[in-house]
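Trainee: I would like a close look at one part of this model, with enough of the surroundings to place it. Please keep it plain.

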Amino acid sequence: MSKKVRMCYPYLKETSFKCDFEIETDSLASHIGYAYSKASKYPEMIKELTWLCEMAYHVNGSIRGKLAVTDNDITKAIAIHDKYQELVREETKMFSLPIGCELAGILNLCRSKSKNSTRWAYKIQKFEDVKVDKLVTDLLNTFADIFFVMSVYANKMEDIPTIEFVSKSYDVRFFD
């Protein structure tokens, strides 16, 4: 008698990019959970990370299933971004290296996962001719911005300076 193998995710065998998107957004949520575990000094950030983690899972099902992102979610995400941006305005006027304290490092992984999730959403729309609501990509793009300013804030709170990266490929150094 053979044992029934259980799958933690029923779509693993499919070839659709939707599977890759859902795995990537699950990874994003897991990274957000890891950031949460290191943010105990920042009670407000803990609440925001909880919401962002929930939203990562809402985004996860918003292509294959029913859209679970609203304009109000985008507004809330932008407000979170703007709050941290105001706290690190000077430190974010340049392109910087994604290094620093442990929390900043994890938040930078969340930033990168957000961008990668966004790319999968665009690939689904382009190559599978599946309608991806703009709210999905807008939220994921805003996530990337949030995690960037949160990472800079985490370093600032630990008195770790932002280290500028000067590209040999591009002339852009400072942002308004």
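Is Ser 169 buried or exposed?

Mentor: Ser 169 is exposed, with a relative accessible area of 63%. The model is a predicted one, and that applies to every value below. Ser 169 belongs to the segment after helix 5. Its C-alpha atom is 34 Å from that of Cys 19, and 150 residues of chain separate the two.

Another residue of the segment after helix 5 is Asp 159. Asp 159 is exposed too, at a relative accessible area of 70%. Its backbone has a positive phi of about 55°, although Asp 159 is not a glycine. Most residues other than glycine have a negative phi. A positive phi of about 55° is also found at Asp 129, again not a glycine. Asp 129 sits in the loop between helix 4 and helix 5, and with 73% relative accessibility it counts as exposed.

The loop between helix 4 and helix 5 also holds Val 130. Outside its neighbours within four places in sequence, Val 130 is in contact with Ile 63, Ile 124 and Gln 125. The C-alpha atoms of Val 130 and Arg 64 are separated by 9.2 Å, with the two residues 66 apart along the chain.

To place these segments, take the protein as a whole. Its secondary structure consists of 5 helices and 0 strands, so the order from the N terminus is α-α-α-α-α by the DSSP runs. The C-alpha atoms fill a box of roughly 60 × 35 × 35 Å along the principal axes. Of the 176 residues, 43% count as buried. Among contacts between residues at least 6 apart in sequence, 79% join residues at least 24 apart. The exposed area is about 10,600 Å², and carbon and sulfur atoms supply 55% of it. The charged side chains number 25 positive and 25 negative, and the centres of the two sets lie 7 Å apart.

Now the interior. The largest nonpolar core has 46 residues, and those touching the most other members are Met 45, Leu 49, Phe 147 and Met 150. Each of helix 1 (17-38), helix 2 (43-60), helix 3 (71-87), helix 4 (102-127) and helix 5 (134-157) supplies at least two residues of this core. Helix 5 gives the largest share, 12 residues.

Two of those core residues show what such packing consists of. Leu 49 is found in helix 2. Its relative accessible area is 1%, and because the limit for buried is under 20%, Leu 49 counts as buried. Not counting neighbours within four places in sequence, Leu 49 is in contact with Ile 32, Ala 35, Tyr 36, Ala 39, Leu 107, Phe 147 and Met 150. For one of these partners there is also a backbone distance: the C-alpha atoms of Leu 49 and Ala 35 are 7.7 Å apart, with their positions 14 residues apart along the chain. Met 45, on the same terms, touches Ala 39, Tyr 84, Leu 103, Leu 107, Met 150 and Tyr 153. Ala 39, Leu 107 and Met 150 therefore appear in the contact lists of both Leu 49 and Met 45, where contact means heavy atoms within 4.5 Å.

Polar residues are found among the buried ones as well. Ser 151 is in helix 5, and at 2% relative accessibility it counts as buried. Setting aside residues up to four places away in sequence, Ser 151 touches Ala 104, Leu 107 and Asn 108. Asn 60 has its place in helix 2 and is buried, with a relative accessible area of 15%. The side chain of Asn 60 makes a polar contact of 2.8 Å with the side chain of Thr 25. Beyond its neighbours within four places in sequence, Asn 60 is in contact with Phe 21, Glu 22, Thr 25 and Asp 26.

Back to the starting point: Ser 169 is exposed at 63%, whereas Ser 151 is buried at 2%. Ser 169 lies in the segment after helix 5, and Ser 151 in helix 5.

Conventions: Residues numbered from 1 in each chain as written. Predicted model: local features only at pLDDT ≥ 70, side-chain atom pairs only at ≥ 80, totals over all residues. Heavy atoms only, no water. Helix = DSSP H or I, 4+ residues; strand = E, 2+ residues; numbered from the N terminus. Buried < 20%, exposed > 50% of the residue type's maximum accessible area, 1.4 Å probe, protein only. Areas by Shrake-Rupley, 256 points an atom, 1.4 Å probe, with all protein chains shown as cover. Lys, Arg positive; Asp, Glu negative; His and termini not counted. Charge placed at Lys NZ, Arg CZ, Asp CG, Glu CD. Core = buried A, V, L, I, M, F, W, Y, C linked by side-chain atoms within 4.5 Å. Polar contact = N/O pair within 3.5 Å; in protein donor to acceptor, adjacent residues only side chain to side chain.
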